Amino acid sequence: MLYGIAAATASFLLAALLAALLRAPALSLALVDRRRRRPVPLSGGVAVALVTGLVAGVGDWTGVVPLGPAAGRLLLGALAAGALGLAADLWRLRRRWVVAGTAVAAACVVPYGETGPVAGVLAVGWITLVAAAFRGLDHADGVAGTVGVVTAFGVAACAAAELRDGLAVALLALAAALTGLLLHNWHPARIALGACGALFTGFLLAGAAVFTRAGHPPAGGAAVLFALTAPACLDVVLVLLSRRLAGRPVLRAGPDHLAHRLRRLGLTPQGAAVVVGAVSCGAVLTGVLVHTGRVGAPAVWWVAGAAAAAVAGLLRVRVYGPRHGAGAQGRVPGPARPRPTRGACRVPPAVADTPGGASSRGTIFPVRQARRAEEDQVSAPLRVRNG
């Protein structure tokens, strides 16, 4: 217990300090993402991954809170996924390669002996999906960090209930490191998780949830896993459905994530992060209660129903068109202007509005002025004076 508190405190302070120190190198390396025309360094995930691995490794090396072989492999797999995400941030790797590498890392850490071959393969897909979903949550200030903190505490409670103390301490270190990063990631963010931190966080949380549910009935395990990661799943389903319904490519980025839609509804960036965090807290609390046996597995249906209602409602929010009442091409429709015929001379507005087409600037059109004067002289009646 005392080591857990000390580990969380050390993780919080080290992550906050290291994130501040890594900001300048990220700017010099152009390791940035542009959010509302301002560059945000993507080195926060490096700080979270290094601090979490260091604190968990020290506890295992000293023997105070040993991780064990399975949890050690899980931590190494999460660090490998984070390194792959860092490479994606630096060299803009294709998403298919990042997903394939994450799946390979997940296949190396799943406990097939406890889950069985079929459930193990499904667990590999689940870990890969959650890791990619956390990368999608890192599109707005404070969203991915808030969801990660809440989920880490919930999964740590489940691990502690299964007497996996080393895994619980590693998750507490992750929650504290993400809290330290939120000091810099809250709006307006000065640093972000990036693919490195998002993949590391999602991989470790999903893998730890699979470890804690290994050996339980598959149906109840799937319900708990969904409840623990409901906001990430909600964001993925929302994005995929909206892009398919709009006829857009699935891998084409756009302002169609959960926080984007909440902003369209009028929430501030801070308010959107708080709302997503509150939704995550309710879903994670349900998952923890089901895992510990305080409530039955059917309670997860309430979470699923609320998620389905949220998807149905948020799909009605317009995200691909302009914000205000413009036309289909982004312009307000107006009266069509007649096109001049071919070969006709274009007359400037100042000339066209003047009677007879004459301009008030005689120095610009001297020929037209002289011609107009001649026409006036010819058209005027001739008066002859006698004598």
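A residue counts as buried here when its relative accessible area is under 20%, as exposed when that value is over 50%, and as partly exposed in between. By that yardstick, buried residues make up 45% of the 387 residues in the chain. Please keep in mind as you read that this is a predicted model.

## The overall picture

The chain holds 17 helices and two strands. How do its contacts spread along the sequence? Among contacts between residues at least 6 apart in sequence, 71% join residues at least 24 apart.

## Where two helices cross

Let us look at one helix pair in detail. Helix α7 covers residues 117–137 and helix α12 covers residues 230–246; the two pack at an angle of about 80°, with their axes 9 Å apart. Angles of 65 to 115 degrees count as roughly perpendicular, so α7 is roughly perpendicular to α12. From α7, the contact draws on Trp-126, Leu-129, Ala-133, Phe-134, Gly-136 and Leu-137. From α12 come Ala-232, Cys-233, Asp-235 and Val-236. Sorted by class, this contact has eight nonpolar residues, one polar residue and one charged residue. Gly counts as polar and Asp as charged in this sorting, so Gly-136 and Asp-235 are the residues behind those two single entries.

## Two buried threonines

Thr-102 and Thr-146 make a nice pair to visit next. Thr-102 lies in helix α5, which spans residues 95–107. Its relative accessible area is 3%, and because buried means under 20%, Thr-102 is buried. Leaving aside neighbours within four places in sequence, Thr-102 is in contact with Leu-84, Thr-128, Ala-131, Leu-199 and Phe-203. One of these partners, Thr-128, falls within the residue range 117–137 of helix α7.

Thr-146 has its place in helix α8, residues 143–161. With a relative accessible area of 15%, Thr-146 is buried as well. What does the side chain of Thr-146 reach at 2.5 Å? The partner is the backbone oxygen of Gly-142. Beyond its neighbours within four places in sequence, Thr-146 is in contact with Leu-182, Trp-186, Ala-273 and Gly-277.

## Cysteines

If you are wondering about crosslinks, the structure holds zero disulfides. Two of the cysteines are worth a look for their surroundings. Cys-158 is buried, with a relative accessible area of 1%. Cys-281, at 43% relative accessibility, counts as partly exposed.

## Unusual backbone spots

Most residues other than glycine have a negative phi, and most peptide bonds are trans. Three places in this chain are worth checking with that in mind.

The peptide bond from His-187 to Pro-188 is cis, with omega near -5°. Pro-188 sits in the loop between α9 (165–185) and α10 (194–213).

Ala-30 has a positive phi of about 60° although it is not a glycine. You will find Ala-30 in the loop between α2 and β1, the latter covering residues 32–35. At 51% relative accessibility, Ala-30 counts as exposed, because the cut-off is over 50%.

Leu-163 also has a positive phi, near 60°, in a residue other than glycine. Its location is the loop between α8 and α9. Is Leu-163 buried or exposed? At 72% relative accessibility, Leu-163 counts as exposed.

## Residues that meet across the sequence

Ser-28 belongs to helix α2, residues 23–28, and is exposed, with a relative accessible area of 60%. Arg-73 lies in helix α4, residues 69–91, and counts as partly exposed at 40% relative accessibility. Setting aside neighbours within four places in sequence, Arg-73 is in contact with Cys-108 and Val-109. Each of Ser-28 and Arg-73 also belongs to a residue pair whose spacing is listed here.

| Residue pair | Separation in sequence | C-alpha to C-alpha distance |
|---|---|---|
| Ser-28 and Pro-41 | 13 residues | 9.6 Å |
| Arg-73 and Val-110 | 37 residues | 9.0 Å |

## A short recap

For a tour of the model, you might begin at the α7 and α12 contact, where the helices pack at about 80°. The buried Thr-146 and its link to the backbone oxygen of Gly-142 make a good second stop. The cis bond from His-187 to Pro-188 can round off the visit.

Methods:
Residues are numbered from 1 along each chain as its sequence is written. This is a predicted model: local features need pLDDT of at least 70, side-chain atom pairs count only at pLDDT 80 or more; totals for chains, interfaces and linings use all residues. Side-chain values use heavy atoms; hydrogens and water are left out. Axes are lines fitted to C-alpha atoms, for helices over the stretch in contact, and angles run from 0 to 180 degrees between N-to-C directions. Helices (H or I, at least four residues) and strands (E, at least two) are DSSP runs, numbered from the N terminus. Angles under 35 degrees count as roughly parallel, over 145 as roughly antiparallel, 65 to 115 as roughly perpendicular and the rest as oblique. Contact means heavy atoms within 4.5 Å. A disulfide is a pair of cysteine sulfur atoms within 2.5 Å. Buried means under 20% relative accessible area, exposed over 50%, partly exposed in between (1.4 Å probe, protein chains only). A polar contact is a pair of N or O atoms within 3.5 Å; within protein, one must be able to donate a hydrogen and the other to accept it, and residues adjacent in sequence count only if both atoms are side-chain atoms.
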